[in-house]
Amino acid sequence: MLTGFIFLLFLTDGVFPEKECSYQDVLDHLQLNRSNELYSMTRPVKNYKRPTLVSLEVLLYAILDVVEKDQKFIPYVWTVMRWHNEYISWDPNQFCGIDNVSLPAEVLWVPDIIIEEMTEKDKAPPSPYLTINNKGDVEVHNDQVLVSTCRMHIYRFPFDIQNCNLSFKSIIHTAKDIRLQPSDNSTEATEWSRDVMRTQYEWLFLNMIVTINNASDLISQDIIIYTITMKRRSILYIINFLVPVLFFLCLDLASFLISDNGGEKLSFKVTVLLAVTVLQLILNEILPASSNRIPLIALYCIGIFALMLLSLLETILVTHLMEKDSQASKENQADKCQRKDCNKRGNPNFHNSHQEGNEWTQCACIYDVSTCETPSELLPVTKEGNSRKVMEEYHALEKLSDELREMQKTLSLLLSNAKEKPGYWTRVAKKVNTFFFIFYLTVVSLFLIILFLKWNNG
């Protein structure tokens with residue numbers, strides 16, 4: 001009676017000693033250790049004709065980089081593989097409710113799943129542990145920085161959308177040994193990836209499409225393809241490239257307001273053309289050389305460069321025509337000067353003035369006598385004995401000043417006539433300039449409208 005009372009007292013107070021269990025007890029029950037080749041050497045099936053079903057789950061954690069020049073896609077992904085090991089099972093009730101155990105990955109057989117597009121081995125070490133449960137399901141978690149190849153379609157760069165694939169398959173096992181299946185569909189993979197997404201940098205993640213390519217026969221392999229769709233953030237390319245090139249085009253249009261006389265307009269257009277060339281060199285460092293179609297941004301730069309080059313050639317032509325007219329005008333003026341010089345050499349008053357020390361060698365040199373001064377004011381103070389000689393010089397200078405005034409009026413009239421009536425080639429050059437400006441503005445407008453429509457529609 002006393003013993004039964006003590007036993008009931010222990011049960012009432014809850015101090016009855018519980019059974020102690022450890023993970024090692026489970027491993028000892030399974031005889032699971034590094035030396036047991038049953039678990040690590042072969043595929044874990046009791047009948048070799050039964051394939052091992054491997055479930056795969058992939059989550060995109062970050063888009064680290066996309067290198068267009070080398071056509072590389074570098075994502076950071078989480079992968080989860082699950083399969084069944086037929087040699088593993090236990091009753092959790094016999095081991096204090098333990099239903100899963102973590103153990104080193106090298107202890108058990110692991111499917112040889114690789115990514116076809118991977119070009120460089122992941123530098124991060126694989127997860128050193130895996131998890132098993134009492135039903136024999138094995139689960140491995142891995143996070144990987146993948147350097148994979150991706151076919152870039154840059155026709156609409158920088159407004160492009162890229163699709164990069166990650167194809168998972170076995171290295172050596174065929175469908176007879178391993179069957180692959182995704183554990184989530186496209187919608188779940190997209191939503192879960194957006195939930196865990198931390199870094200996107202230049203690219204905006206849109207969705208992830210899961211595709212399963214089942215083997216048509218037992219000697220082929222199952223392939224699970226994860227297609228990651230992403231869109232480029234184009235704002236920096238618009239600000240740093242497209243808008244500056246458009247500004248240079250506007251400067252080239254504004255250069256038509258610069259006078260064609262002199263070389264300022266020509267040098268300005270050459271400078272703007274060189275600036276566009278520098279931007280083309282920068283673009284060449286970005287775009288891959290293996291593109292099947294010419295990118296629209298390349299057409300944009302080449303088209304603007306060609307239009308500006310055409311504008312430069314037109315400026316050279318106009319300058320040449322005006323220079324030709326100017327050269328003809330100079331020759332006509334030289335002929336007139338020679339004729340006037342011959343007439344003046346036959347004038348006796350001209351010889352008297354020449355003897356007084358006023359030597360005229362060029363028609364363009366004009367001695368301007370101010371209307372506020374009289375020749376008498378310009379005469380030096382002389383002695384009374386030389387008054388007669390002074391008067392003679394006075395009359396000679398007065399007559400010479402009248403002739404100079406007449407020459408000044410004649411030259412002024414010639415210059416005014418020259419301004420009112422430009423030369424033949426100058427008139428041709430102005431017509432060419434006006435016609436080309438209208439043509440240039442029309443072609444530029446049509447080119448930009450068509451190009452931006454193509455960019456928008458793809």
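Trainee: Let's start with α11. Which residues in this helix are buried?

Mentor: Burial is read from relative accessible area, and under 20% counts as buried. In α11, that gives Thr426, Ala429, Asn433, Phe436, Tyr440, Val444, Leu448, Leu451 and Trp455. Keep in mind that you're looking at a predicted model.

Trainee: And how many residues does α11 have, and how far does it reach?

Mentor: For that, you compare the end-to-end span with what the residue count would lead you to expect. Helix α11 covers residues 424–457, which is 34 residues. From first C-alpha to last it reaches 50 Å, close to the 50 Å expected at 1.5 Å a residue.

Trainee: Since it's a prediction, what is the mean pLDDT of the protein chain?

Mentor: pLDDT is the predictor's own confidence, residue by residue. Here the chain averages 81, and 79% of its residues reach 70 or more. Broken down by element, strand β12 (residues 223–232) has the highest mean, 95, while α1 has the lowest, 44.

Trainee: Where does the pLDDT stay under 50?

Mentor: Residues 1–16 are one such stretch, and the model gives them three contacts beyond four places in sequence. Residues 350–382 are also below 50, and that stretch has 32 contacts in the model beyond near neighbours in sequence.

Trainee: On to the cysteines. How many disulfides does the structure hold?

Mentor: The general idea is simple: a disulfide is a covalent bond between the sulfur atoms of two cysteines. This structure holds two. Count the bonded cysteines along the chain and the pattern is 1-2, 3-4.

Trainee: Take Cys21. Which cysteine does a disulfide join to Cys21?

Mentor: The partner is Cys96, with an S to S distance of 1.9 Å. The link of Cys21 and Cys96 is right-handed, with 60 degrees about the S-S bond. Cys21 sits in the loop between α1 (2–13) and α2 (23–30), and Cys96 in the loop between β2 (72–84) and β3 (100–104), so the bond ties together parts 75 residues apart in sequence. Both ends can be reached in part: Cys21 is partly exposed at 25% relative accessible area, and Cys96 is partly exposed at 41%.

Trainee: Then there's Cys150 and Cys164. Is their disulfide left-handed or right-handed?

Mentor: Look at the torsion about the S-S bond. For Cys150 and Cys164 the torsion is about -90 degrees, so this disulfide is left-handed. Their sulfur atoms are 2.0 Å apart. The pair links distant parts of the chain, 14 residues apart: Cys150 is in the loop between β8 (147–149) and β9 (161–170), and Cys164 is in strand β9. Cys150 is buried, at 3% relative accessible area, and Cys164 is buried too, at 0%.

Trainee: Now the interior. Which residues have the most contacts inside the largest nonpolar core?

Mentor: A nonpolar core is a set of buried nonpolar residues joined through side-chain contacts. The largest one here has 79 residues, and Leu32, Leu108, Ile132, Tyr226, Tyr300 and Tyr440 have the most contacts inside it. Helix α7 (residues 296–345) supplies the largest share of this core, eight residues. Tyr226 is worth clicking on: leaving out residues up to four places away in sequence, what Tyr226 touches includes Leu56, Val58, Cys164, Phe168, Pro182 and Met208.

Trainee: Last one, aromatics. How many aromatic pairs does a search of the whole structure find?

Mentor: It finds 14. To classify a pair, check the angle between the ring planes; over 60 degrees counts as edge-to-face. The rings of Tyr61 and Tyr76 have their planes at 85 degrees and their centres 5.1 Å apart, so they're edge-to-face. Tyr61 lies in strand β1 (residues 52–67) and Tyr76 in strand β2, so the pair ties together parts 15 residues apart in sequence. Tyr61 is partly exposed at 21% relative accessibility, whereas Tyr76 is buried at 19%.

Trainee: And which residues form one aromatic cluster?

Mentor: Phe256, Phe436, Phe437, Phe439 and Tyr440. You've met two of those names already: Phe436 and Tyr440 are among the buried residues of α11.

Technical notes. Residues numbered from 1 in each chain as written. Predicted model: local features only at pLDDT ≥ 70, side-chain atom pairs only at ≥ 80, totals over all residues. Heavy atoms only, no water. Helix = DSSP H or I, 4+ residues; strand = E, 2+ residues; numbered from the N terminus. Buried < 20%, exposed > 50% of the residue type's maximum accessible area, 1.4 Å probe, protein only. Disulfide = S-S within 2.5 Å. Core = buried A, V, L, I, M, F, W, Y, C linked by side-chain atoms within 4.5 Å. Contact = heavy atoms within 4.5 Å. pLDDT = per-residue confidence, 0-100. Phe/Tyr/Trp six-rings, centres within 6.5 Å; stacked < 30°, edge-to-face > 60°.
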